[in-house]
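Please work through the following exercises with the sequence and the model at hand. Each task is followed by a solution in steps.

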Amino acid sequence: MTPTYFNSAIADDILTVSNGTPPVAKRIAHETHVHGKTLQDDYFWMRDKQDPEVAAYLEAENAYADSLMAPTAPLQKKLYNELVSHIKETDESAPYRQGDYFYYSRTEAGQQYPIYCRKHLKLDAPEQVILDQNQLAIGEKFMSLGAFTISEDARYLAYSTDNTGFRQYTLHIKDLTTGRLFAESVPRANSVAWANDNKTLFYVIEDSAKRPYRLYRHALGSDPTNDALIYEEPDEKFTIGVGKGRSKRFLYLEIGSHTTSEVRYASADDPKAEWKLIAPRMHDQEYYADDQGDRFFIRTNQASRNFEVMTAPIVTPARENWTPFIAHRDHVMIEDVTTFADFITLSERENGLQQIRLLDTRDGLGKPFRADMRIAFPEPVYSASVSVNREWNTHTLRYNYQSPITPSSIYDYDLDTHQSSLVKQNEIPGGFDRANYVVERLFATAKDGVKVPISVIHRKGVPHDGSAPLYLYGYGSYGISLPLGFNANRLALLDRGVVVALAHIRGGGDLGKPWHDHGKMMKKMNTFTDFITCAEYLIANKFADPKRVAIEGRSAGGLLMGAVVNMRPDLWKAVLTGVPFVDVMNTMLDASLPLTVGEYEEWGNPNEKAAYDYMMQYSPYDNLKKANYPTILVKTSFNDSQVMYWEPAKYVAKMRALNPEAKNPVLFKTNMAAGHGGASGRYDYLHEVAFDYAFFLTQLGVEK
């Protein structure tokens, strides 16, 4: 049966679809020669996005996946309704103060996107809608907001939009007093910051490889083609970003690679002021800065991978004038520093858990401080982070607290009373009761003796006898820690008796910078073996039925999925790999692609033989083989700029070609109008989740 919604005249030449038969992609020999070796890539042709055969192939794959999933349509509908039942469809965020206004966003039942609003001086003042994303989305299949920055006089809004999913944003400026949109717009805009004159906007644009590399100055109402170029970063490993410090005294330009950074600053009061360098970049050393009083506060890893805090005089901030403020600690990662007029907040991570530490500096920077405290949190597994704090002269810190069984909660912490007050906790309708669930923190022992944390969530009463189905999620790259927050969508799994587990494997940042270091570059294999170890631990300790283990990872987590499926195809019942980075060698050998050059410091540069040989050990596409692979659902988006659609497309085609008699199907779904994060509208996104969960539950034998 040929689907009616792709051009069969084109498709007949490259694939066949009939009665459950998967599409068969044509093969055209293509070779890449490197280090005396040959990479054979018969599906290289799929890179041509303008070739109508490519879209036809992807649509045929969609038709095949939909045909296999058709029996789950009633379950998908049930799941979707259940997912919607757990969100308060008409709701609003906790308002925050910025100048003379309280800002917040709200949602309305049936509407896909937030509405951004404000009220003048008082919370009971009339509402002003400053931007309705639903209006922006009219006639669009995708709509995402990037920048969203208000001028100091509260009159102008600079915001950017992406209507394809390619994360290529166009900058717009709106007069909030009249509602008028300025005629000028700037394509390929990235970060933005207002000068204090309310007439000058600084913005960063991307190059053809989507690298933010140029800083411009724009005068409101002028032609952007005449904007002054302030800075251009020539090193392709480095990106730049502009922002304003919390004191509003300085604008900052952060320039950084994955391992090295430097900061420039300029007076926010003088748009034409010189941009000065705090300290020149030094290889493998990072630093980040903000100001308070007459000093910069500098978070740096020059003495320890887990960072320390230094101070430097604003008038002479060179590295030789840095003095210690908060010493580094081997077991504590300092993730961020937030300055206020009278106190400083440190965002720390210890034993894999986030901590918020406040230093009262009203008596100066000498120790002991008037107060040095950490906010206490009640649960053994949780997420806690500094939230939106736009006021400089305040003794209140706003922060977010949540856990796998505690909905996202906004608190205000009083510096004087040392007490937290709840501002808003997200309401979870549909019968949710946190008392019905259990969260545990476990540790699996890797082959080299390292203890790998696992967070486990399950409903009370789920048998702990090795009979429960398991859903295991992992990521493990870029030093990114797996979030330990609340996800209402997971209730659909938990309430059906599925054990949900998060593997905090090396390559992530869960245990600080060294945890990342031991899961990247020439130690990347630790990421994959850690994940397998976590699965084996959960099976051995009776948390999971060994025949009912489902796993998921997305983006770099898709690389994880591809690697562990090749290493241990027997261990998994079902796999979901989303927007997966699976064609490691071809991508990292192509410097013209977004991210490639900058990511030599995460994966290695395969133009160097040692790196090439190591990366070839795990590259999923290059290690596909004839094997009894589990049932796999591969998902991507046609407009993904982070991992190009052709990586998963090639991966699926090659896996099928190597295994023409495979017992377990490989399903491949492409959202033809989205990017790296999938659908942009909240209801559209929940339809995608319902599809995914129907796949998992069916494979795990939980069909209710």
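The exercises below concern a predicted model.

**Exercise 1. Determine whether Thr200 is buried or exposed, and describe its surroundings.**

Solution.
Step 1. Locate the residue: Thr200 lies in strand S12, which covers residues 200-206.
Step 2. Apply the cut-off: a residue is buried when its relative accessible area is under 20%. Thr200 has a relative accessibility of 9% and therefore counts as buried.
Step 3. Examine the side chain: Thr200 and Asp197 are joined through their side chains by a polar contact of 2.8 Å.
Step 4. List the contacts: leaving aside residues up to four places away in sequence, Thr200 touches Ala193, Trp194, Ala195, Arg217, His218 and Pro271.

**Exercise 2. Establish which residues of S12 point one way and which the other, and how many are buried.**

Solution.
Step 1. Sort by direction: Thr200, Phe202, Val204 and Glu206 point one way, while Leu201, Tyr203 and Ile205 point the other way.
Step 2. Assess burial: seven of the seven residues of S12 are buried, and the strand is mostly covered.

**Exercise 3. Identify the strands that pair with S12 and describe the hairpins.**

Solution.
Step 1. Consider strand S11 (residues 186-194): this strand pairs with S12 in the antiparallel sense over four bridges. Trp194 stands opposite Leu201.
Step 2. Inspect the connection: the hairpin of S11 and S12 has five residues between the strands, and Asn198 there adopts a positive phi near 65 degrees.
Step 3. Consider strand S13 (residues 212-219): S13 runs antiparallel to S12, with seven bridges joining the two. Arg217 in S13 is the bridge partner of Phe202.
Step 4. Inspect the second hairpin: five residues lie between S12 and S13, and Lys210 in the turn has a positive phi of about 65 degrees.

**Exercise 4. Compare the span of helix H3 with its expected value, and state what covers its buried residues.**

Solution.
Step 1. Take the length: H3 (residues 73-85) has 13 residues.
Step 2. Compare the spans: the distance from first to last C-alpha is 18 Å, close to the 18 Å expected at 1.5 Å a residue.
Step 3. Name the buried residues: in H3 these are Leu75, Gln76, Leu79, Tyr80, Glu82, Leu83 and Val84.
Step 4. Find the cover: it includes helix H2 (52-69), helix H5 (491-494) and helix H13 (682-699).

Terms used. Residues are numbered from 1 along each chain as its sequence is written. This is a predicted model: local features need pLDDT of at least 70, side-chain atom pairs count only at pLDDT 80 or more; totals for chains, interfaces and linings use all residues. Side-chain values use heavy atoms; hydrogens and water are left out. Buried means under 20% relative accessible area, exposed over 50%, partly exposed in between (1.4 Å probe, protein chains only). A polar contact is a pair of N or O atoms within 3.5 Å; within protein, one must be able to donate a hydrogen and the other to accept it, and residues adjacent in sequence count only if both atoms are side-chain atoms. Contact means heavy atoms within 4.5 Å. Two strands pair if DSSP finds at least two bridges between them. The expected span of a helix is 1.5 Å times one less than its number of residues.
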